[in-house]
Amino acid sequence: MKRIILISDLQMPLENKRANRNLINLIHDSQPDEVINIGDINDYTASGRWSAGKRAEYGMTVRQEANYTIRTHIQPLRAGYDGPITLLGSNHGERPHKYLVDRAPALYDEESFREDKLLRLDDFGIKFEPVRYDFAPGWSAIHGHGKGINLARYSGGTAINAARRYGRSIVMGHTHRAGIVSETTGPAGSKTVTGVELGHLMDITKAAYLGPERLANWQSAFGLFYVDGTTVTPHLIPVSRNGSFIVEGERYK
Ligand SMILES: [Fe+2]
Ligand SMILES: [Fe+2]
């Protein structure tokens, strides 16, 4: 049976540092068959439209943020895990390259500030999937920022909307909500699709863009999926504010 760990929305350097370390420990200890990062691994605040013309834009921090992610997530993860890792394209991941195309098109070339280059994914043997990754029978992983996906206010609602649209089960991030919703149709319940939203791994107190009270209907979590042939069992592992969580009876703190 395959075990897959799926994580999303670390938004580094706004990540929950302890959750990041605990997760790396879990991956080292449990050696899953695969790790899938659903995207928004970096925040890239400086190149966002919210920063246009503001002080943050002049922080010129894109490369620094990418290097921070390499230093505090990718390298330590790789230090104890040789298995397959895939990173999906995402709205925050696309930001630096989009910014260059929109605001400095004269400097455009194919390679500059592409997420896979910024994070040196080739050097670390990490696969990059810009849009969608079909990782198990009947299941696809997407980041969830693409056109045509209707946002729902409840956790799991956006993912089941996406699953309906694709006609297969979907695991996604992007909403920063954590939930699992299934829907069954067809004669005698012949077809069930499931939508999973993985939640986020941020330290909300660092997200200044949420306003002084940091109000957001977001949950911190990640995914642990078991795959046995065509049977796919999704689990969500909630992460506490102090970054700890329990997996298979073991506490990581
Ligand atoms: Fe995100
Ligand atoms: Fe996103």
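How exposed is His174 in terms of relative accessibility? At 24% relative accessibility, His174 counts as partly exposed, a label for values between the two cut-offs: buried is under 20% relative accessible area and exposed is over 50%, with a 1.4 Å probe and protein chains only.

Before we go on, a word on the ground rules. This is a predicted model, in which local features need pLDDT of at least 70 and side-chain atom pairs count only at pLDDT 80 or more, while totals for chains, interfaces and linings use all residues. Residues are numbered from 1 along each chain as its sequence is written, chains are lettered from A and ligands numbered from 1 in the order in which they are written, and side-chain values use heavy atoms, with hydrogens and water left out.

**The two iron ions**

Let us start with the metals. Donors here are N, O and S atoms within 2.8 Å of the metal (3.2 Å for Na, K and Ca), and sites may look incomplete because water is not among the atoms.

| Ion | Donors | Distance | Angles | Spacing in sequence |
|---|---|---|---|---|
| iron ion (ligand 1) | Asp9 (OD), Gln11 (OE1), Asp40 (OD), His176 (NE2) | 2.0 to 2.2 Å | 87 to 173 degrees | D-x1-Q-x28-D-x135-H |
| iron ion (ligand 2) | Asp40 (OD), Asn91 (OD1), His143 (NE2), His174 (ND1) | 2.2 Å | 87 to 157 degrees | D-x50-N-x51-H-x30-H |

The arrangement around the iron ion (ligand 1) is irregular because its four donor atoms subtend angles of 87 to 173 degrees. The site of the iron ion (ligand 2) is irregular too. For reference, four donors count as tetrahedral if all angles lie between 85 and 135 degrees; four count as square planar and six as octahedral if opposite donors are over 155 degrees apart and all others between 65 and 115; anything else is irregular.

Asp40 bridges the iron ion (ligand 2) and the iron ion (ligand 1), which lie 3.4 Å apart. Asp40 and His174 link distant parts of the chain: Asp40 is in the loop between S2 and H2, and His174 is in the loop between strand S7 (169-172) and strand S8 (178-185), 134 residues apart. Helices (H or I, at least four residues) and strands (E, at least two) are DSSP runs, numbered from the N terminus. Unlike the partly exposed His174, Asp40 is buried, with a relative accessible area of 1%. Gln11 is buried as well, at 0% relative accessibility.

**Cores and helix H1**

Now to the nonpolar interior. A nonpolar core is a set of buried Ala, Val, Leu, Ile, Met, Phe, Trp, Tyr and Cys residues joined through side-chain atoms within 4.5 Å. The largest one has 35 residues, of which Leu26, Leu119, Phe222 and Phe245 touch the most other members. Its largest share, six residues, comes from H2. A second, separate core of 16 residues includes Ile4, Leu88, Trp139 and Val232.

Leu26 is one of the buried residues of H1. Not counting residues up to four places away in sequence, Leu26 is in contact (heavy atoms within 4.5 Å) with Ile5, Gln31, Phe222, Phe245, Val247 and Tyr252. Other buried residues in H1 include Ala19, Leu23 and Ile27. The cover over the buried residues of H1 includes S1, S2, H2, S10, S12 and strand S13 (250-252).

**Strand S10 and its partners**

S10 is largely enclosed by the rest of the structure, because seven of its eight residues are buried. Two strands pair if DSSP finds at least two bridges between them. S10 pairs with S1 in the antiparallel sense over five bridges, and Lys2 stands opposite Val227 in S10. S10 also pairs with strand S11 (residues 231-238), again antiparallel, over eight bridges. Here the bridge partner of Asp228 is Thr231 in S11. The hairpin of S10 and S11 has two residues between the strands, and Gly229 takes a positive phi near 60 degrees there.

**A last stop at Glu248**

Is Glu248 buried or exposed? Glu248 is exposed, with a relative accessible area of 54%. This residue lies in the loop between S12 and S13. Leaving aside neighbours within four places in sequence, Glu248 is in contact with Arg3, Leu224 and Tyr226. Glu248 and Leu198 are 50 residues apart in sequence and 18 Å apart in space, C-alpha to C-alpha.
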